[in-house]
Amino acid sequence: MLHFIRERAQGWVAWFIVGLITIPFALWGVNSYLTGATDVVIATVDGEDIKQLEFQKALQQYRDRMRNSMGDSFDPELFDNAQTKQSILDELIEQKLLYSAARSIKLDISDKAIGEIIRATPAFQTEGQFDADRYKSLLARSGYSAGRYEQQLRADILISQLNDSIQKTALVTDNAIDRLLKLEKQKRNIEFGVIEAALLTKDITINDEEAVLYYEDNKQVYRSPERVSVNYVELSVDDLVKTIEVNDADLQQYYDNNKNQFIGPEQRRVSHILIEGDDDASLSTVMSIQQRLEQGEGFASLAAEFSADTDSGQKGGDLGLIERGVMDASFEETVFSMDSTGEVSEPVKTEFGYHLIKLTGIEKPEGKTFAEAYDEILTEFKRQQAQDLFFEKAESLANLSYENPDSLDIVAEDLDLDIKSSEIFTRDGGNGIAENRKVINVAFSDEVLVDDLNSSVIEIDKSHLVVLHKKEHVAESQLPFDVVSAAIKEGLKLRKARTKARELGEDYIEQLSNGAEAQSLFPDNTWQGSQTISRLDGSLNKEIIDAAFAIKKPKTSPEYSGFMASNGNYIVVKLNEVIEGDITAATQEDRDALAAYLVRSSGQNDLNTFINSLKLDADIEIMSTAIN
């Protein structure tokens, strides 16, 4: 088979197929083809298996979440390590334990409730209505069957119910809220002084011998990083749109072929009465309701009295407007076969039970004429044509860049693309195209950097492709001492100044504690006088606030403390007084917010303790080599 592919591999599509064959070997090894990936057990929890496939899906979902949150800065290598994999496995183990605990205390959720949650999920809806085809398509794309997804959804809900029952039952007393309020609203009267390290550098001299010694000991720091610039061609749908020429005949044909996009489908408003079950008793109940309708009783009142669909039942059975492709096939067929408003159907059987359906309204399709939709048609038509052209050119791009690897000239000429050039950039990236992490990684690959070949096609996104070729490469090099000597001397001076600032500050604290006047030690207004601050004071540096609130409460005389600030200055803080928070000034909103915080904090601790107890009682076995 591989020989057949190799002999006939033409273009990127064929090599993509080879890649698909290769990936499973890389992830699971040859053995998975003998036993099947689903049979590889990586852990057991009380005899229940966690299999390789389940783990891989959980890991991929985590990576997808991180990719969505990080965007172009996402680097897959950061999430392909033993620590991440172990964390994902630990989470799967905890989920198994929590689900088992939930079932053991008889937590459950009905099939009907699961169905309602699925139908109400926006991702599974089209224009606000559940779309069965979309539901199946999205699940298939994610590797789920409907049954497996619904089973996982049930487990997630039961685990969530269990978590809530633990976390939301934490007790918070008024005394605990009062204590936290006092701390939160506490104020402190302070003074502080700044010893600026930069001012101390004028008295510090660094000679060449000292600088050379530091340079020799830290040569690895003083290196010019490897840099590269690239030539590149890019193929994008957005660029191709600008090249598409159209005429009104093409647009009219597009409008005629796609009227559903511009003219909405017929919609019908219906009400129903649902009797759950498929047995004779359920059918008998439906028929008795049908008789009462024929005798003149109102549909709405009977729906409120009998319908198992309580949500619609409270509204007289009203389900709102529906269109084809949304409801159960039998239900839908009946609705769209009814002739006039007010008509009530015979009993209709679906997976949910028996229905009586009343047609309450018909809305015929409405939409835009060709002239009204002209701009929209033009945009969509050009976009569609550009996408078709994009996919045609994408294969040519892959083939030409691979078959002519020494330059981008032939690629650019055949596909009518411009060869562009980037600025020179490092492995940390640069400007323009070099901001993209995929481009950076490929630019520094052996294929481009060492072999001097065109890169493989880089998918910036699904409608934007790029191929690179090296333009200039500057290897990492050692910067000579003469180039960096001035920077080294300044750095050493500042380092010594910071040390001197710390020593001076600690000496000042001792003198101040023994009664010295701050103004005599801190000249030129570098001592800031008395001020009362809160924890959230925005007028003062947060480092000073944090230091002030870390000092113990003074007894008979002020307390002093000092710290090295992030900017290299040394700060001396004097605490004169602690002013306890006035809890009487707290609003009910303040108290409620603190109570909620304490409940969350205490509840999370309770949940963690519960999980740890489950782990201690469980029989957990991990096959460590399975996730390495």
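The exercises below work through strands, salt bridges and surface exposure in a predicted model.

**Exercise 1. The four-stranded sheet**

Task: Find the strand order of the open sheet of four strands, and state which strands stand at its edges.

Solution.
Step 1. The order of the strands is β12-β7-β14-β13, and the pairing is antiparallel.
Step 2. The edge positions belong to β12 (420–421) and β13 (458–461). Each has a single partner strand, so one side of each is left without a neighbour in the sheet.
Step 3. For the contact at the β12 edge, take strand β7, residues 227–236. Strand β7 is joined to β12 by two bridges, and the two run antiparallel. Two bridges are also the minimum for a pair, since at least two are required.
Step 4. A residue-level check is given by Tyr-232, which stands opposite Lys-420 in β12.

**Exercise 2. The partners of β5**

Task: Trace the pairing around strand β5 (residues 187–195), and decide whether β5 is largely enclosed or left open.

Solution.
Step 1. Strand β5 pairs with β18 in the antiparallel sense over nine bridges. Within this pair, Asn-189 has Glu-577 as its bridge partner, and Ile-195 has Tyr-570.
Step 2. Strand β5 also pairs with strand β16 (residues 527–534), again antiparallel, over six bridges. Here Lys-187 has Ser-534 as its bridge partner.
Step 3. Seven of the nine residues of β5 are buried, so the strand is largely enclosed by the rest of the structure.
Step 4. Strands of a sheet pair through backbone hydrogen bonds, either parallel or antiparallel.

**Exercise 3. The hairpin of β17 and β18**

Task: Describe how β17 and β18 are connected and which residue in the turn has a positive phi.

Solution.
Step 1. Strand β17 covers residues 559–564 and is joined to β18 by six bridges in an antiparallel arrangement.
Step 2. One facing pair is Glu-559 and Leu-575, the latter in β18.
Step 3. The two strands form a hairpin with five residues between them. In the turn, Gly-568 has a positive phi of about 95°.
Step 4. Strand β18 (residues 570–579) is mostly covered, with seven of its ten residues buried.

**Exercise 4. Three salt bridges**

Task: For the salt bridges of Arg-591, Glu-305 and Lys-542, give the partner, the distance and the elements involved.

Solution.
Step 1. The cut-off for a salt bridge is a side-chain nitrogen of Lys or Arg within 4 Å of a carboxyl oxygen of Asp or Glu. The count by this rule is 22 salt bridges.
Step 2. Arg-591 meets Asp-178 at 2.9 Å, N to O. Arg-591 lies in helix α26 (residues 588–617) and Asp-178 in helix α9 (residues 174–184), so the pair ties together parts 413 residues apart in sequence. Arg-591 is buried at 18% relative accessibility, and Asp-178 is buried at 18%.
Step 3. Glu-305 forms a salt bridge with Arg-292, their closest N and O atoms being 3.7 Å apart. Glu-305 belongs to helix α16 (residues 299–306) and Arg-292 to helix α15 (residues 280–294), so this pair ties together parts that are 13 residues apart in sequence. Glu-305 is exposed at 51%, while Arg-292 is partly exposed at 25%.
Step 4. Lys-542 and Asp-546 meet at 2.9 Å, N to O. Both lie in helix α25 (residues 542–550), four residues apart, about one turn of the helix. Lys-542 is exposed at 59%, and Asp-546 is partly exposed at 41%.
Step 5. Salt bridges with shared partners also join Glu-48, Glu-54 and Lys-96 into one network.

**Exercise 5. Two loop residues**

Task: Locate Asp-451 and Ala-434, and classify each as buried, partly exposed or exposed.

Solution.
Step 1. Asp-451 is in the loop between α22 (446–449) and β13. Its relative accessible area is 45%, which makes Asp-451 partly exposed.
Step 2. Asp-451 belongs to a surface patch of negative charge together with Asp-406, Asp-446, Glu-447 and Asp-452.
Step 3. Ala-434 is in the loop between β12 and α21 (437–443). With 0% relative accessibility, Ala-434 is buried, because the limit for buried is under 20%.
Step 4. From Ala-434 to Leu-494 the separation is 60 residues in sequence and 34 Å in space, C-alpha to C-alpha.

Terms used. Residues are numbered from 1 along each chain as its sequence is written. This is a predicted model: local features need pLDDT of at least 70, side-chain atom pairs count only at pLDDT 80 or more; totals for chains, interfaces and linings use all residues. Side-chain values use heavy atoms; hydrogens and water are left out. Patches are made of residues with over 30% relative accessible area and no salt bridge: like charges are joined within 9 Å, nonpolar side chains (Val, Leu, Ile, Met, Phe, Trp, Tyr) within 5 Å. Accessible areas come from the Shrake-Rupley method with a 1.4 Å probe; for residues, only the protein chains shown count as cover. Lys and Arg count as positive and Asp and Glu as negative; His and the chain ends are not counted. The place of a charge is taken as NZ of Lys, CZ of Arg, CG of Asp or CD of Glu. Buried means under 20% relative accessible area, exposed over 50%, partly exposed in between (1.4 Å probe, protein chains only).
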